[in-house]
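Trainee: Could you walk me through one part of this protein in close detail? I would like to see how it sits in the rest of the chain.

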Amino acid sequence: MSPSSASSMAQINDPKIAFAYLRPACVLLTREPTLTNVQTLGAQLRDVDDATLQQLQDYVLFPLRFVLKVPGPKREGLVEAVAETMCYVLENTCVRSWETLRDVLSELCLCVCCPTDPGKPAAVSEELKVAALRCLDALLHAAYGDITFRLFEPVMLPGLGAAVSLLLALAEQDKSRSIQTAALKCLQALTLQCDCSQDHNIPSTEERRALGSTMASFLPGITITLSRIIMGDLKQGQAVTVRALKMWSRAVGLVMEDCQLEKCDAVGPLSPGLGQSSKLVVQRTQDWVKSTSHRLAVQLKNIISCVSAHQHWRVRLELVELADHVLARCSQSLGECVGPLLEVLVGSVNDEDTRIRERCSSVLRSVSERIQRSGGGGGDGMFTDVLSENLHVLASSLPRLMRTSDDHKKLFVLNVFLGYLKVLGPTVSVVLNSAAHLQRISKALMQVLELDVMNVRIVEERSSAVSIDGSSRSQHPSTACSQKKNFLYFRDEKIFSALMELCRTLGCYGDIYLLTDHFLDLYGESSVYRKQAAMVLNQIIMGAASGAAGPTGAAGPTGAERCPPCSLEELRAAVVSVLEEYTSLNNWNLRTVTEDDDGDTKDQPHCPFMLPSVSNMELVPSSLSTSPAQSAVHHLNGNIWQLCVQLEGVACFARALGRDFRSLLMTSLYHVLEKAGDESLLVSQAALDSMWGVSDACGYGSLRELINDNADYLLCHVSLNLRRLSLHPQAPRVLTVMLAHSNPSLLPLVGDVIQDVLVALDLSYNHTAPLFCSILHSVMKALVSWFPSSHGGKSECNRNKTTSPEALNVRQFLLDYCKQKELAEGMAAEDDDTEDPVIPPAPQVEEEDEGPDVKEELPSHLQITKDIMERCIHLLSHPSQPLRLKVLDVLELCVHVLSERENELLPMVHRCWPALLQRLTADDPLAVLRAFRVLFVLGETCGDFLRRRVSKEVLPRLTSSLSRQAAVSARATPVYTHTLAYKLQLAVLQGLGSLCLSLNLGETDLDSVCEACLPYLSCRQPVRLQEACLSVFQHLIQVDPDALWFTLCELHCPLSYEPNHPDLPPVHLNGIGQQRDEYTDNLMKLLREEFSLPDSQSTSLDNGMIKDATNE
């Protein structure tokens, strides 16, 4: 048997025995009201069963109530114990006496109220308040039958008002959440609106009307206080807010119920015995209803604005329940509240919580059904009229709300707007047929989506040259930087997402032709609306293609299905019309950089806006010329964002049509490639993202497949537009982007275009050289990527062979050395080799009749490279410095490609050497720096061919320049590292060692290089110059290790060398015994790393060093 069962069986069930059992404790408590006696009585009460306790209820409650009635101060612990004991009695019994209910209610309120003001709580402990409120809740639930309704008689208004005021004060002013929640729960029970699981008295219609009339006296105070609680501090917790919302809706629903107010004018006379209480009675007349409705509407709007975007889902769900309760009971009396409550419902259709969305959809269907029942067959039309009118009003106020509200309010307003569209469903197309509605909605969107174009960083961000490496080709937009738009009236990304979903919903349910025509009119109406209209058009077409408003889309309130997607022909016609407008000359060829930064025209000072026509060399004014005022930052930013939005639109259209978009690639892909090479970083990124979007939508696996599959007509456009550069100055960029994202299979098609470029360059160097050199640079970058040279690998292999010689045979070395010395001094005769050398007979070659020698035809990529290199020879002396720099870059790439064919490379190097020498010796430092880079590449590829030229014409100037600058850099400040002279020094030192190694320079040249570089081993030099100098010596050691060892040891040698044999002379090096100086650290680093210098201070002279010592 369980303990609970045993306890139940042990309880007293005989009233006489129970009375005898409880009587001593009750008498003692009456005589001595102490805490111990109360606890004793409470313990004994638990030994009596409920039925018996019901019969002894009045007897048991008397001593407890007597304790509360005793005059004078009482200990809070005693009062708390009394309240807990009474609570136990009331929870297990029913109150059948009206006097008991009235008196106990009054006594409990007096326990926690202020003695001088019964409507205010006293300064008592939280435990006492909790016990009193719990007992009060038990009392109200224990009231049986009709006695509960006697609380709401007019004569009880003063006492009831005090109880209501006390509970409201506790709910609002107390800091304890448990007390606030308990007070609100008691208030619900007091007004018969409790929603707990216990049984409750359900009032009849007349009783409910009487209850409503009584509570009308307290409605203003209740609603105002509850509004303050609802809009109070978020720290109070969601439970308090939910309970306050529930109480607000129940109180309003009780007093303002439509069925109660139908006969509000038929009010009977008040009883003459009420006295002063008659002043508290409220007559619910029409005027009172109208006035109260207005005040409640104000409160409701404040509540909605505060709670609609609450973080906790239970609060938002309770707001939906409030809307349902009020609309179901008070839709006529609270006419001003219908609009805001519908906004709550339609706004919650898009809530992130599934439970709220489902409940909201259910409520909306219920509202629609009630309207249908009340309005007959046209009820649904009436509901649609209400929604469309609310939509019009909201669209009118949307710009103002977006300017003045915070982000939470903005998001709620947009969700309401979106909810109206989703609730209306397919009826949206009918609503939009109204010119007033369409105009208001479109203008609202234009104002809300206005971009902030005053950020100067947008104009300053430049895109680098289109990369030809594999990483740029393989980068998908998912890994690229996403473009975040800055709007004028909001910053939250959720708001932008809501606006885009709103536009897609318009496209889903609206007429695609009507919407595209209307927004295209706005697009062309003014440049102020152009960017916003383009954003809306992009999303409208996406929505029309999907046929649904998105993942949170819901059916209409009457159960309407989602709108089916429009036909492919309609969608294609809309896409074609929008694409034609986007890619028109005035809307596509927009300036995105300032005139000074325009790369295509900055080398033409006398005619900055004139571009030559290749066909007849006439100068035609460019269509891109603008007035100085138009080059302001905001204008350029506006152009950049407009192009970005239009490029996003191309990708949206491709996703909308899928593979059917392939037929439109001939009219759209070329324009996208134009912008992929734009100088603005945002535009080029947007174009690249658009290319990926088109590629994925059309079923291409990569950008390479997209370009190669459409290369024929793309190159046709490029070839034609290169002949009309004045009208199409972006054509070179298209070719650049194609080369950057393609492979060698494109070369046969692009070869003719390259030849056209070379011919055009030959005809007019002065005007077209800057433009066409950019094309040639892109071509060479592509060829280097497509046909990588193996020369670098070979040189590394040879270098490794030279740096890892076989072990030295010292004995054989000394014998050879002595023999050679004797021969040099004439002391030894040559070996007598009297026998004539046997000359093998020459092989007989049969003469065959062969034709004239025909030179082998070069592969196409080598022939193109050779032709480009010939143009570089002539352009190396161009007066424009940027052009010379570009030509040097092209020349470097040409050398890389031709390095596989030495017979072709060396003659070209011979021809370009005089012009390159001028750049190396008689040009500005930036060109010299770039020319040295070319020289180092030539040294690696040509080797011995350049040794004499470099030794006689370049090296002396290099060494003298290094020697002069060494003193400057040694005493320079850290700012010196930012100068062009430092960068030139660093570049020369970084490449000089590899150049000497590649050319295998002689002893004299090595000595001059060592002498020039030794000052850079000083610790006073900048760190990077020291590191570069160390790399020079490391390369020189590979050329002649013995000479470099001797040179370094002459400066500093930490070891003394003793010969192994007494016949050998002692070795004397100038560096032995030298004190540490500024060169010591770097010298020791070289000796340790390159010559494996031991750490001991004395070592025997090895055989490798004997040769150097003897020579000395």
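Mentor: Gladly; here is a look at one helix, followed by the chain around it and two cysteines. The model is predicted, so to speak of it fairly, local features need pLDDT of at least 70 and side-chain atom pairs count only at pLDDT 80 or more, while totals for chains, interfaces and linings use all residues. Residues are numbered from 1 along each chain as its sequence is written, and side-chain values use heavy atoms, leaving out hydrogens and water.

Let us take helix α7, residues 98-112. Helices are DSSP runs of H or I with at least four residues, strands are E runs of at least two, and both are numbered from the N terminus. With 15 residues, α7 should span 21 Å at 1.5 Å a residue, and its end C-alpha atoms lie 22 Å apart, which agrees; the expected span is 1.5 Å times one less than the number of residues.

Among the buried residues of α7 are Trp98, Leu101, Leu105, Glu107 and Cys109. Buried means under 20% relative accessible area, with a 1.4 Å probe and protein chains only. The buried residues of α7 pack against α5 (57-69), α6 (76-91), α8 (126-142) and α9 (157-173).

Around this helix, the protein chain has 50 helices and four strands, and 50% of its 1112 residues are buried.

As for cysteines, the whole structure has zero disulfides, a disulfide being a pair of cysteine sulfur atoms within 2.5 Å. For Cys337, the nearest cysteine sulfur is that of Cys330, 8.7 Å away. Cys337 counts as buried because its relative accessibility is 0%.

Technical notes
Contact = heavy atoms within 4.5 Å.
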